[in-house]
Amino acid sequence: MAQTIKRQTAPAGHVSTRVPVLGDDGQLIIDPWWGEIQPMQLHPQLRTIGELEIIDHIDSGGVLIDTRQPEYVRDSGLIADAILSPWQDIVQTFDQLQADGKITRDTEIVLYCNGPQCAATPRAVELLQKYGWPMDKLLYYRGGIMDWMSLGLPVTQIS
């Protein structure tokens with residue numbers, strides 16, 4: 001199916017920034033020109049959630065996993081209490097969390113990445129599906145760190 005609406009191209013000479021940057025004046029700078037827009041629903045059994053659901057999930061002690069690469073997390077921070085697991089390491093992370101008794105196959109787990117144009121969480125979900133993880137126990141925060149920060153929600157800096 002041909003799409004009639006096409007994404008604009010970046011201005012000439014533009015250098016993409018994958019993570020939001022907090023300016024000295026407190027304004028958040030978000031680069032719309034990188035990545036490919038991801039679907040809202042990654043799998044029929046996987047729910048897509050928003051910020052209020054994540055806050056409830058965190059408040060109830062739920063597991064939250066950031067699937068971005070470490071350099072992006074260093075540049076922007078991560079949502080409080082999130083576990084950093086780059087998407088390509090997600091199966092090993094789940095194995096370790098199970099071995100440590102932190103999750104079971106009945107645990108609801110939120111996954112997020114940079115935002116709607118980031119492929120990290122979709123890739124992680126694909127690996128977890130091949131691994132046989134129950135899709136109805138995964139939650140997708142499509143807005144990612146971009147939407148989180150754009151709403152003034154706090155992040156934790158890592159070194």
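The face of helix 1 turned away from its buried side carries three exposed residues (exposed meaning over 50% relative accessible area, buried under 20%, with a 1.4 Å probe and protein chains only): Leu-52, Asp-56 and Asp-59. The model is predicted, with local features requiring pLDDT of at least 70 and side-chain atom pairs counting only at pLDDT 80 or more, while totals for chains, interfaces and linings use all residues. Residues are numbered from 1 along each chain as its sequence is written, and side-chain values use heavy atoms, without hydrogens and water.

Helices (H or I, at least four residues) and strands (E, at least two) are DSSP runs, numbered from the N terminus. In helix 1, which spans residues 51-59, Glu-51, Ile-54, His-57 and Ile-58 are buried. These residues lie on the same side of helix 1 because they cover an arc of only 115° around the axis, taken from the directions from the helix axis to the C-beta atoms. Their cover includes strand 4 (63-66), strand 7 (109-112) and helix 5 (144-150). Just after helix 1, Gly-61 has a positive phi of about 85°.

Strand 7 is covered on both faces, with Ile-109 and Leu-111 buried on one side and Val-110 and Tyr-112 on the other. Its pairings are listed below; two strands pair if DSSP finds at least two bridges between them.

| Strands | Sense and bridges | Opposite residues |
|---|---|---|
| Strand 4 and strand 7 | parallel, four bridges | Asp-66 and Tyr-112 |
| Strand 7 and strand 8 | parallel, four bridges | Leu-111 and Tyr-140 |

Gln-117 lies in the loop between strand 7 and helix 4 (120-131) and is buried, at 9% relative accessible area.

Notes. Contact = heavy atoms within 4.5 Å.
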